[in-house]
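I opened my notebook to look up a few spots in this structure. Here is what I jotted down as I went.

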There are 2 protein chains.
Amino acid sequence: MTAARVRSGGRPTLEEVAARAGVGRGTASRVINGSPRVSAHTREAVEAAVAELGYVPNRAARALAGNRTDAIALVVPEPETRFFAEPYFSDIVRGVGAALADTDMQLLLTLVGSDRERRRLAQYLTAHRVDGVLLVSVHAGDPLPDLLEQLGMPAVMSGRRSASEPLASVDSDNFEGARAAVDHLISRGRRSIATITGRLDVYGARRRLDGYRKAVSAAGLGPDEQLIAPADFTEEGGAQAMRDLLARRPDVDAVFAASDVMAAGARQVLREAGRRIPDDVALIGFDDSAVARHMDPALTSVRQPIEEMGRTMARVLLQEIAGENQERPQIVLPTELIVRDSS
Amino acid sequence: MTAARVRSGGRPTLEEVAARAGVGRGTASRVINGSPRVSAHTREAVEAAVAELGYVPNRAARALAGNRTDAIALVVPEPETRFFAEPYFSDIVRGVGAALADTDMQLLLTLVGSDRERRRLAQYLTAHRVDGVLLVSVHAGDPLPDLLEQLGMPAVMSGRRSASEPLASVDSDNFEGARAAVDHLISRGRRSIATITGRLDVYGARRRLDGYRKAVSAAGLGPDEQLIAPADFTEEGGAQAMRDLLARRPDVDAVFAASDVMAAGARQVLREAGRRIPDDVALIGFDDSAVARHMDPALTSVRQPIEEMGRTMARVLLQEIAGENQERPQIVLPTELIVRDSS
DNA sequence: CCGTACGATGGGAGCGCTCCCAAAAATGAT
DNA sequence: ATCATTTTTGGGAGCGCTCCCATCGTACGG
């Protein structure tokens, strides 16, 4: 009693679809993968069989045979999740998800915190367990991008590490965003415009500072180094920077902070110093996060198109994987100044 | 000239590891999968070969042969991402990631927005492309949990749909959280304590209301229906509810809002009505989100152990997958009242 | 010293698919 | 109608692994 070749409970296989459609396995495969070398008639038959059987290709088999994975990894440095928590993370994810929706790429989420995890990730990548990698918030000294470059693994990062980035990247226009913010302060009649910078080993932070400088000097307010206070993107850092500014230049009448969180810190200090916002000192942040909307007064801020960055990153990565890109695209997306009550 | 069996550039395979260790493929497999039926000597030899060759198992082959995927999906309803954006999403992810770190389970992120995506997801699941599912913020009418139950697919959800949940679930103690908040208000001498509820088709929102009721009546302040204002978790909803409350019961001296965002809406209305916080009206929120910390005055709020919920969900799911659970665990994690300036 | 038993081991079969080659069918040119 | 092409098609080989069974080796009891 030879066991029947019919699969009892299991999911249907390609072979079964082919049998049902009265064609060979190879042909069925062609139809399913959209190869053009199939007659219309055959195609219809196979498609009907697929529908009737509710066939869904087995990903593992596909991956094994085709030597690819149909999966990409979104790599998030663990320490950052906290900072970027705000909308950032979920917006990126939403964008990426949207771009992947009509693909059958899977999105793998990879948090890397400890060195052990880093190593494991490197191993993962080396073992080619994903077709491509999305890198979020990469630091200057991060070895990962170089590893990817070396492995020839398609990758796209958000932001970049320097002006000349070997990997594909998608960034927001930090320079123009900062400039627009400062221009806005100038147009409101402010004259002693300070800035609180982010960690300057982050390229974006440097660009924001550049934008500030450009706007200030274009207005003939000369870049006054006393008005530039370095900080580290944290609330406490922003507060400290504000204290320094107030001590150095009590005449300051506007502050452009390179992040909303730092602006929140600055606000606190300004309050305690009895300066009214925006009457005495105008304040602008960067990121347009929840913090900005809920601050009192509501914070004017530079908004980055985070979700679109996510979408774009995914799109570019798919192109890289498909080998469609001659060279690594360096995409810069425009920012937008959201004017609220603080300026 | 028979092509050499040596793989030129590629990743090493099990077979190669076995050859190098001077054992058979089966034995090598046993070592790698931690089977006890291997002699210590052999084990060492294989482990050495693995290290030397930098062997990493091919996931696809494993999945294909073993009929499993070593992957779990985190399913996030798209419309929610926006609401839950705050820390919620990233905290859950961090928790899940942490619990998965020493496993070699992969985390698949699946956003489901459109019905088309829902269907595709159902197909995915039916095709057994993952070993288990993590469900975040499920609505009362969501068909997904039932589908999973039907398929016998291991699943864990955050929160639950009703008191009797067939699926495994991990929730925070909404009841006790709300009760603690209201008790705190009572201990501060408040007497006309109102509540702004979330959408009551969400189980958690109902539990928060129950907790409020319990605390109020325990204090002999009788549940006064006029002090209960239904809303929908949005800022505008919270504002509207607050207006209603003020109109109905101008004597209100405390408000417990079932979310920070609604509390933010309420705060706005209270301000406009000239009520000082906390002097005239004390205010408490729920979630302990960024909004709470940055509100002015800083908002007292009930904090949920989100990251731990993520960790627990993952842990429970792994157990479900391993078939270790007799019945579906219903885990409730404690909340904590974070007292700030608003109460 | 031999039979028994059991742990350790090797390797065949097969998971479901893609790749690719050779065969079959259709098309066109003469 | 014939032959050269081109298009379609079928199915073998093989991806790297797990499962499982037959075999081998060894320790032990009699």
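Entry one, a helix in chain A. I'm working with a predicted model, and I began with α9(A), asking which of its residues are buried. They are A:Tyr203, A:Gly204, A:Ala205, A:Arg208, A:Leu209, A:Gly211, A:Tyr212, A:Ala215 and A:Val216. I then looked up what these buried residues pack against: in chain A, the list has α8 (174-187) and the strands β5 (168-172), β6 (193-197), β7 (228-230), β8 (254-257) and β9 (282-286).

I also checked the length of α9(A). It runs over residues 203-218, and at 1.5 Å a residue its 16 residues should span 22 Å; the end C-alpha atoms are 22 Å apart, so the two agree. Just past α9(A), I noted that A:Gly220 has a positive phi of about 75 degrees.

Entry two, a loop in chain A. I picked A:Val38, which sits between α2 (25-32) and α3 (40-53). Is A:Val38 buried or exposed? Its relative accessible area is 13%, under the 20% cut-off, so I put it down as buried. Leaving out residues up to four places away in sequence, A:Val38 touches A:Thr27, A:Arg30, A:Val31 and A:Arg43. Its C-alpha atom is 9.3 Å from that of A:Ala28, ten residues apart along the chain.

Entry three, a helix pair in chain B. I found α6(B) (residues 115-126) and α7(B) (residues 144-151) packing at about 15 degrees, with axes 11 Å apart. The pair is therefore roughly parallel, and the crossing is right-handed. From α6(B), B:Arg118, B:Leu121, B:Ala122, B:Leu125 and B:Thr126 meet B:Leu144, B:Leu147, B:Leu148 and B:Leu151 of α7(B). By class, I get seven nonpolar, one polar and one charged residues in this contact.

How values were computed. Residues are numbered from 1 along each chain as its sequence is written. Chains are lettered from A and ligands numbered from 1 in the order in which they are written. This is a predicted model: local features need pLDDT of at least 70, side-chain atom pairs count only at pLDDT 80 or more; totals for chains, interfaces and linings use all residues. Side-chain values use heavy atoms; hydrogens and water are left out. Axes are lines fitted to C-alpha atoms, for helices over the stretch in contact, and angles run from 0 to 180 degrees between N-to-C directions. Helices (H or I, at least four residues) and strands (E, at least two) are DSSP runs, numbered from the N terminus. Angles under 35 degrees count as roughly parallel, over 145 as roughly antiparallel, 65 to 115 as roughly perpendicular and the rest as oblique. A crossing is left-handed if the near helix is turned anticlockwise from the far one by less than a right angle, and right-handed if clockwise. Contact means heavy atoms within 4.5 Å. Ala, Val, Leu, Ile, Met, Phe, Trp, Tyr, Cys and Pro count as nonpolar, Asp, Glu, Lys and Arg as charged, and the others, Gly among them, as polar. The expected span of a helix is 1.5 Å times one less than its number of residues. Buried means under 20% relative accessible area, exposed over 50%, partly exposed in between (1.4 Å probe, protein chains only).
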